[in-house]
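Visitor: I'd like to go through the chain contacts in this one before setting anything up. Could you walk me through it?

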There are 4 protein chains.
Amino acid sequence: GIMAIAGPADAAEQVRIGLFALQHRGEESAGIAAGNDTTLHEHRGMGLVGEALPDHALEPMRSLPLAIGHVRYSTTGASTITNAQPLPFNLAGGRIAIAHNGNITNAVALRQRLEADGAIFQTESDTEVIAHLMARLSGPLERRLRGAVRALEGGFALAVLTPGAIHVVRDRHGLRPLVLGRVGGHWCAASESCAISMLGGSVERDAGPGELLTLTPGGMQPRSRIARPRPARCSFEHIYFARPDSVIDGVSVHLARKRMGARLWAEHPADVDVVIGVPDSSLVAAHGYAAAGGVPWDTGLVKSHYIGRTFIQPSAAQRQRGVELKLAPLAAVIDGRRVALVDDSLVRGTTARRIVAQLREAGATEVHLRIASPPVTSSCHYGIATSRRSELIAADLDVPEICEHVGADSLGFLSEAALLAALEPDVPARHGPGSDPGPGSDPDTGREDGDASSGWCNACFTGRYPTPIAEPAERREQGAPA
Amino acid sequence: GIMAIAGPADAAEQVRIGLFALQHRGEESAGIAAGNDTTLHEHRGMGLVGEALPDHALEPMRSLPLAIGHVRYSTTGASTITNAQPLPFNLAGGRIAIAHNGNITNAVALRQRLEADGAIFQTESDTEVIAHLMARLSGPLERRLRGAVRALEGGFALAVLTPGAIHVVRDRHGLRPLVLGRVGGHWCAASESCAISMLGGSVERDAGPGELLTLTPGGMQPRSRIARPRPARCSFEHIYFARPDSVIDGVSVHLARKRMGARLWAEHPADVDVVIGVPDSSLVAAHGYAAAGGVPWDTGLVKSHYIGRTFIQPSAAQRQRGVELKLAPLAAVIDGRRVALVDDSLVRGTTARRIVAQLREAGATEVHLRIASPPVTSSCHYGIATSRRSELIAADLDVPEICEHVGADSLGFLSEAALLAALEPDVPARHGPGSDPGPGSDPDTGREDGDASSGWCNACFTGRYPTPIAEPAERREQGAPA
Amino acid sequence: GIMAIAGPADAAEQVRIGLFALQHRGEESAGIAAGNDTTLHEHRGMGLVGEALPDHALEPMRSLPLAIGHVRYSTTGASTITNAQPLPFNLAGGRIAIAHNGNITNAVALRQRLEADGAIFQTESDTEVIAHLMARLSGPLERRLRGAVRALEGGFALAVLTPGAIHVVRDRHGLRPLVLGRVGGHWCAASESCAISMLGGSVERDAGPGELLTLTPGGMQPRSRIARPRPARCSFEHIYFARPDSVIDGVSVHLARKRMGARLWAEHPADVDVVIGVPDSSLVAAHGYAAAGGVPWDTGLVKSHYIGRTFIQPSAAQRQRGVELKLAPLAAVIDGRRVALVDDSLVRGTTARRIVAQLREAGATEVHLRIASPPVTSSCHYGIATSRRSELIAADLDVPEICEHVGADSLGFLSEAALLAALEPDVPARHGPGSDPGPGSDPDTGREDGDASSGWCNACFTGRYPTPIAEPAERREQGAPA
Amino acid sequence: GIMAIAGPADAAEQVRIGLFALQHRGEESAGIAAGNDTTLHEHRGMGLVGEALPDHALEPMRSLPLAIGHVRYSTTGASTITNAQPLPFNLAGGRIAIAHNGNITNAVALRQRLEADGAIFQTESDTEVIAHLMARLSGPLERRLRGAVRALEGGFALAVLTPGAIHVVRDRHGLRPLVLGRVGGHWCAASESCAISMLGGSVERDAGPGELLTLTPGGMQPRSRIARPRPARCSFEHIYFARPDSVIDGVSVHLARKRMGARLWAEHPADVDVVIGVPDSSLVAAHGYAAAGGVPWDTGLVKSHYIGRTFIQPSAAQRQRGVELKLAPLAAVIDGRRVALVDDSLVRGTTARRIVAQLREAGATEVHLRIASPPVTSSCHYGIATSRRSELIAADLDVPEICEHVGADSLGFLSEAALLAALEPDVPARHGPGSDPGPGSDPDTGREDGDASSGWCNACFTGRYPTPIAEPAERREQGAPA
């Protein structure tokens with residue numbers, strides 16, 4: 001997740017607050033770079049925002065009016081401080097820093113070309129490719145950024161801090177979210193609107209697909225299009241990834257989840273005594289499901305929020321005895337009841353299988369599993385760390401087979417059509433004048449951008465990717481960091 | 001919170017898992033002591049269980065069959081490793097370790113008497129008083145423990161590891177919970193049943209008020225009464241403190257909370273569009289309230305679970321702008337609606353006031369505050385860190401004044417009678433044969449144990465304490481640790 | 001080593017400087033306690049003074065005029081922070097702190113008696129025995145200290161911080177050194193005079209055997225004798241342990257070592273081309289030896305001063321190849337020469353053996369080993385961590401056998417008589433008027449204090465101990481800390 | 001300092017031992033890179049070798065036969081882990097690592113040229129310039145290294161780890177030392193011979209000026225000349241920097257220092273009672289001085305070896321009182337005597353001034369200062385961190401003025417001619433057949449290489465530098481790291 005703000009005296013401090021709101025988008029590392037016309041300071045650390053960015057780290061950034069920040073959720077590259085962002089670079093035209101959310105699908109090819117041409121790479125990060133592309137171009141930094149971004153394919157949102165300005169870019173498909181706002185009169189940008197809200201700011205609009213915007217203490221420069229838009233927004237942001245209080249491209253994440261639950265009942269009702277959800281992300285879908293069916297909703301699983309990086313693992317012997325630290329069934333709700341269990345998605349099936357068994361052990365007489373999205377059959381190449389295809393249960397098994405595998409009495413998935421219906425905007429999307437051609441309106445739409453006709457990327461459910469995919473996602477994740 | 005198990009080869013490891021389930025009872029420090037007939041090892045650390053008790057700390061405890069553990073939630077004594085528990089002591093009769101949950105109300109007087117008699121205290125902890133009382137008695141350790149406990153007043157659950165055995169004790173009022181179970185054939189004891197369930201064990205019964213039990217690898221010794229029972233169980237465990245999947249003295253915490261919500265509607269209904277709860281502890285009461293009234297329930301506040309000891313504080317300037325990191329209102333649910341906000345209790349009123357303001361800012365047209373317990377008017381002397389009396393909003397203001405202070409459109413509290421009704425047992429309490437005289441049956445019941453006639457301690461709501469209170473809670477918390 | 005000062009506003013800071021000068025007396029842990037009439041703060045840490053006592057640790061001690069400090073060189077008790085000193089204790093009469101250098105030979109017996117009487121011990125340290133003895137006496141703290149010290153046997157120097165005063169005590173034999181001085185008008189005490197000199201102070205006199213003195217901001221109270229003096233000062237302080245710039249009981253450590261070297265030549269000359277010493281402690285003795293014989297002295301071994309607690313160990317394979325990190329022979333000096341190698345003492349013989357082999361490998365044609373003290377045949381019970389008797393090479397082998405074992409061409413030890421002659425005072429010892437009866441003058445001198453007739457303890461060379469020895473030193477060092 | 005070895009199974013471990021011997025050449029950070037034909041692992045850390053390179057850091061390097069190491073003594077670049085070496089780089093032809101001792105005098109110019117050409121620099125280190133030069137060349141890595149080194153000016157010794165081989169290079173002047181040896185049949189290279197000796201290896205010969213050698217497990221490839229030699233070896237290595245047991249270019253450091261002392265007596269005798277040296281580096285020169293004059297030599301100053309990075313600083317008040325932690329005068333030697341104080345060099349004069357005052361305070365009746373090298377009048381540009389010219393006392397003052405400034409009774413410096421005489425080889429230098437043209441034999445010798453006619457660089461004494469100096473040393477050290 002990324003965050004940027006231009007103007008306030010405590011820019012770095014505000015970015016840190018924003019990153020705190022975006023913490024769910026990356027718990028591995030966090031960093032901030034802050035600057036003005038002549039100076040650039042940066043700090044990166046491993047762990048959560050509170051650990052990675054202690055107060056003293058922000059001391060040297062005091063009174064610098066431009067700041068960008070990043071929380072990292074590694075999809076490629078090892079989990080080391082070297083790969084934490086924003087990454088700083090000394091270019092001939094000045095010192096810059098780049099924060100990048102998403103995945104560049106042609107990064108390996110670009111990197112090989114640059115290395116053959118004498119470039120020395122320091123990290124495993126896609127981000128460094130952008131800097132090297134910029135270093136080899138001439139002219140003002142903004143023009144060099146524009147040239148570099150044109151060479152990129154994939155799904156990404158970028159924030160680039162240069163002397164005196166911050167540039168933010170969203171990929172031409174709008175695969176990764178990027179929203180613009182104002183806090184105390186200063187322009188800011190963030191991966192999700194919840195970051196702007198937490199700062200007490202107002203959300204102005206989403207960045208359009210393929211749009212580059214420049215934020216300075218003086219204001220925001222008019223939009224500039226890097227590439228022709230081919231909208232294919234990521235539905236998984238709404239299904240699972242984003243925070244419920246965010247609104248992305250006009251769609252409230254919370255309300256969309258509730259609608260997914262309601263439509264799931266319409267497609268797959270269940271004759272049960274109680275509906276429960278898997279905490280925390282599926283509670284809303286479960287509530288929508290129960291409300292649509294007029295069935296009681298209740299808390300059926302207690303989640304421990306203490307589980308984190310200092311996680312204690314039950315020993316092998318304890319696992320055999322069924323020690324499960326994260327989720328505990330609430331026997332008083334489950335015992336002797338027919339239960340509908342709602343989860344937001346089904347990826348590998350291991351969690352669902354374990355929970356079904358827990359519920360039966362707690363006394364459930366029947367367990368009906370309902371999934372508020374279609375079966376995941378393909379890997380994501382755009383920065384959502386779903387699993388490799390070989391691990392996706394729905395890549396090999398059909399619905400009855402999955403049902404048997406997880407041990408449920410019945411199983412139902414939301415259809416793609418119902419998913420798209422649930423994703424209808426709650427408010428009109430605001431991408432700036434004429435920025436968004438809307439679904440299906442792009443004359444360039446061709447073979448490769450599959451789902452783009454809907455305006456959404458559902459590739460993980462359909463296998464139809466909006467960009468060329470030269471290198472399999474599996475290969476990249478296996479790449480051993482040196 | 002305390003945890004103990006006698007018998008398994010991995011006793012320390014099982015205690016650690018149990019402590020993990022009890023983490024909500026103390027996040028400040030954690031420790032484990034393990035032993036057999038001749039050896040005793042202990043480790044204590046600051047922070048959560050996962051940090052305080054890393055794998056390597058348990059290495060020397062491998063194959064020791066007796067283990068007790070503790071998570072600390074400081075009520076008296078400074079937050080330092082010195083005060084972490086279990087505390088080990090070298091007595092003439094052998095090395096022991098003591099874990100203690102609760103508060104000993106005559107600890108200061110006992111300590112002064114012991115110091116005058118030549119005892120040297122190393123910690124601020126009440127626990128050390130018990131060891132010094134034991135050191136001055138003669139005979140077998142169990143008899144000395146019995147003698148020491150008889151001198152104590154207050155609310156407590158103890159686990160004492162001695163060579164070859166673990167002794168657990170519950171105070172004569174049953175103020176602090178203590179439950180017995182079996183895991184893989186081995187007897188265990190814990191502050192809450194969720195710890196036994198997480199280990200895959202079976203909950204056998206609650207320890208009775210004033211009961212001392214001895215656990216060894218060979219089994220559990222028959223009960224022995226330390227003092228005549230005067231039941232006065234803490235209702236605040238069910239209202240707020242305990243985990244929802246625990247069952248304490250036969251009452252399911254989750255179901256009791258739901259009943260509190262339902263009875264709250266009966267006493268204080270509200271003409272609203274949506275009912276929301278303060279996450280996480282009040283969601284169930286809110287749901288019970290909404291269900292009883294037939295009003296829609298929804299998620300109205302998003303809680304960040306990343307906030308912990310590495311908390312980042314918004315700066316003064318940001319607080320003025322309303323930066324609130326912990327709870328974010330969900331505008332899509334709140335905006336334009338009349339809202340009933342349900343909280344489990346009202347202590348200082350500061351949180352409620354802030355949330356009411358947040359909801360209004362997010363567009364709520366009306367905010368009706370409902371509290372699923374009576375007003376807190378008195379300090380707790382038995383280990384629940386409610387505030388000093390001077391900070392309790394209901395100690396000085398009546399309901400209309402509180403309503404005005406927090407800025408709500410209306411305010412309703414659950415009555416004490418309704419609270420007691422909600423606390424009716426879900427299953428018959430099992431305290432062993434003849435252990436529990438039941439409410440009102442104690443012939444000793446006199447002036448000082450006030451609420452004891454109900455079998456519950458509601459002193460924080462009524463000011464009627466079940467034990468003599470010589471020293472004000474305020475004084476003790478102000479006591480500067482040396 | 002211990003250090004104390006009474007009066008200056010920066011007492012703790014001055015003690016830290018003093019401890020720095022005493023660092024060679026203990027590298028394991030360091031601590032400071034500071035106070036005034038009502039307050040006592042203390043801080044202890046593992047490692048060297050600079051690590052264990054960082055600036056921030058001394059912050060709360062600012063402006064407290066009384067301070068005592070300690071550097072620990074463990075002889076009994078495990079190497080943990082629990083055993084670091086000064087140890088603080090809450091007695092009925094006030095909070096005190098005790099710093100203790102040396103060894104109490106009847107500590108185990110005293111401890112057993114106290115435990116049987118209800119005392120609870122927290123540490124393995126002898127020091128805690130003193131506190132418990134004090135806790136069981138009544139009256140003012142100074143009188144209780146006096147009573148406690150009378151029960152102690154062994155060699156020790158104590159500093160005890162009480163409300164408003166510091167008391168320092170030296171054992172009745174003067175086994176451990178203790179010197180008094182003045183810094184900027186304020187009285188101080190230290191294990192060695194180098195600490196007082198480093199503070200720019202003046203050395204006033206040594207504490208007499210069995211003397212207790214009280215330092216306050218107002219001055220030093222007249223001497224008070226705890227026990228009848230039986231002087232038996234430790235010669236090993238001058239041979240090896242003390243810093244060369246210290247003067248102990250009137251004897252310059254540096255000059256004594258030089259005289260030991262000169263007398264060693266008189267007793268055991270050598271026909272060699274060059275004399276070298278083992279750095280750093282034996283360089284002076286080697287120089288004295290060479291000067292007395294008119295033979296060239298040179299640097300023959302280069303010592304790495306980087307070796308410390310972060311020591312890297314050569315692997316087994318490397319040790320076989322002769323990798324030796326600490327001492328490197330200087331081939332340009334050694335090659336083709338007949339070498340006399342002077343060491344201050346010979347304990348286990350392993351170092352000497354290794355160095356002799358190194359010298360031969362570097363080209364020495366002959367190696368004549370000369371030891372500037374008698375053979376060590378017995379363990380020390382008074383705080384010098386020489387080895388157990390079973391490890392002492394001279395306990396089993398005679399001089400020709402040792403010579404063969406270490407591989408030298410010849411071997412000579414300084415005689416006890418020559419050692420005593422080298423220890424003649426350089427300046428008249430000042431112990432206060434009438435405080436020191438001088439060698440042999442004590443009418444109480446009896447069987448048990450062996451060497452006391454010389455005024456020196458040479459027990460490690462002679463086996464004649466100045467105190468009863470109930471428990472073998474071996475047993476105590478083997479005692480596993482709980 | 002650098003260290004390299006090719007062949008043994010525990011190459012990294014051996015390099016660590018070697019670095020330990022070179023610790024005096026850099027205490028700021030340490031690192032090791034190890035590899036074979038296909039793999040390269042590296043680890044760098046702050047602090048001494050024992051801290052920076054713990055055992056676990058070398059685990060992944062086990063069984064890799066090629067290893068290079070580095071200890072850093074910063075002359076340019078900030079003291080951060082980023083600047084620690086060896087620095088790893090991913091070049092198109094493979095992954096390499098570079099360790100570099102010394103200073104590249106045209107690094108800033110080279111860097112600016114490379115940045116303008118699109119290179120992105122990550123560190124402040126000169127070393128990165130070499131990698132970027134290599135990245136822009138084509139062909140095998142060794143040829144690219146050769147091309148890169150040809151562009152460098154200054155004094156340096158390099159070790160470059162490439163797939164399957166280690167290349168070591170010494171600058172054309174031989175300004176920085178580099179010696180070759182064999183350990184257990186495997187070739188190694190090190191900044192000083194003491195590293196090879198500590199490994200139990202044999203020193204084979206010095207690398208010649210301008211020589212590049214390739215070490216592989218199969219042996220050492222015949223020499224190849226990068227540039228025409230212009231010998232100008234650094235005399236300061238022998239005067240102060242190198243370890244006494246090293247032999248550099250055939251000159252024993254220890255014996256050279258002794259000869260400097262002897263010649264100093266010949267030029268500047270003194271009528272004194274005792275000669276003392278400043279420990280540790282000047283003790284030998286002092287001994288040579290005393291021996292030449294037949295005057296007693298003694299230890300006059302006790303140095304604390306505990307002073308390091310955890311240094312405690314006396315407070316301002318204490319400094320006024322004369323608290324001096326590092327060096328303590330030995331009053332028993334000084335008091336009432338006329339003293340000659342010998343130091344190896346005089347740079348800023350502050351230490352000498354303080355010591356003279358300390359000696360007088362300790363009772364010296366006269367203090368005659370003797371310096372075993374000429375006055376330092378110019379900054380070093382080749383990696384010895386002498387001070388900026390503005391801080392050099394001899395840059396502004398003549399000998400009588402300096403004498404008055406430091407408060408000595410007389411002052412004498414060794415002449416340049418005597419210094420050169422003391423640097424005569426002890427053994428014939430071995431640089432391989434025909435490698436070393438010897439002093440004055442280079443037909444290229446021109447204006448710029450000043451002292452090169454002697455074969456030694458005495459630029460810090462004479463201001464005659466052997467290379468062009470475009471940028472003042474002052475400027476570079478002031479350069480604020482970004």
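Guide: What follows goes through two chain interfaces, then a helix and a single residue, and the model is a predicted one.

Visitor: OK, start with A and B. How many residues does each chain put into the contact?

Guide: Chain A gives 50 residues and chain B gives 50 residues, and the area buried between chain A and chain B comes to about 4200 Å², with carbon and sulfur atoms giving 65% of that area.

Visitor: And how many salt bridges are there between chain A and chain B?

Guide: The count there is two salt bridges, and one pairing is between the side chains of Asp298(A) and Lys258(B), with an N to O distance of 2.3 Å. The interface of chain A and chain B also has five residue pairs in polar contact, both residues being at pLDDT 80 or more.

Visitor: Which element gives the largest share of the side of chain A that touches chain B?

Guide: That is helix 1 of chain A, with five residues. By class, the side of chain A that touches chain B is made up of 23 nonpolar, 15 polar and twelve charged residues.

Visitor: Switching to D and C, what does that contact take from each chain?

Guide: The contact takes 49 residues from chain D and 49 residues from chain C, and the area buried between chain D and chain C is about 4200 Å², to which carbon and sulfur atoms contribute 65%. Two salt bridges cross the interface of chain D and chain C, and Asp298(D) forms a salt bridge with Lys258(C) in which the closest N and O atoms lie 2.3 Å apart.

Visitor: Which elements of chain D give two or more residues to the side that touches chain C?

Guide: They are helix 1, helix 2 (49-52), helix 9 (253-267), helix 10 (283-293), strand 20 (327-329) and helix 12 (331-334) of chain D. Helix 1 of chain D gives the largest share, five residues, while the residues on that side of chain D divide into 23 nonpolar, 14 polar and twelve charged.

Visitor: How many residues of helix 1 of chain D are buried?

Guide: Eleven of its eleven residues are buried, so helix 1 (residues 11-21) of chain D is mostly covered. Among them are the charged residues Glu13(D) and Arg16(D).

Visitor: New topic: Thr214(D). Buried or exposed?

Guide: Thr214(D) counts as buried because its relative accessibility is 4%, and its place is in strand 12 (residues 211-216) of chain D.

Visitor: What does the side chain of Thr214(D) join in a polar contact?

Guide: The side chain of Thr214(D) is joined to that of His167(D) by a polar contact of 2.9 Å. Leaving out residues up to four places away in sequence, Thr214(D) touches several others, including Glu142(D), Ala165(D) and Met220(D).

Definitions and conventions: Residues are numbered from 1 along each chain as its sequence is written. Chains are lettered from A and ligands numbered from 1 in the order in which they are written. This is a predicted model: local features need pLDDT of at least 70, side-chain atom pairs count only at pLDDT 80 or more; totals for chains, interfaces and linings use all residues. Side-chain values use heavy atoms; hydrogens and water are left out. Contact means heavy atoms within 4.5 Å. Buried area is the accessible area (1.4 Å probe) that two parts lose on being put together, summed over both. A salt bridge is a side-chain nitrogen of Lys or Arg within 4 Å of a carboxyl oxygen of Asp or Glu. A polar contact is a pair of N or O atoms within 3.5 Å; within protein, one must be able to donate a hydrogen and the other to accept it, and residues adjacent in sequence count only if both atoms are side-chain atoms. Helices (H or I, at least four residues) and strands (E, at least two) are DSSP runs, numbered from the N terminus. Buried means under 20% relative accessible area, exposed over 50%, partly exposed in between (1.4 Å probe, protein chains only).
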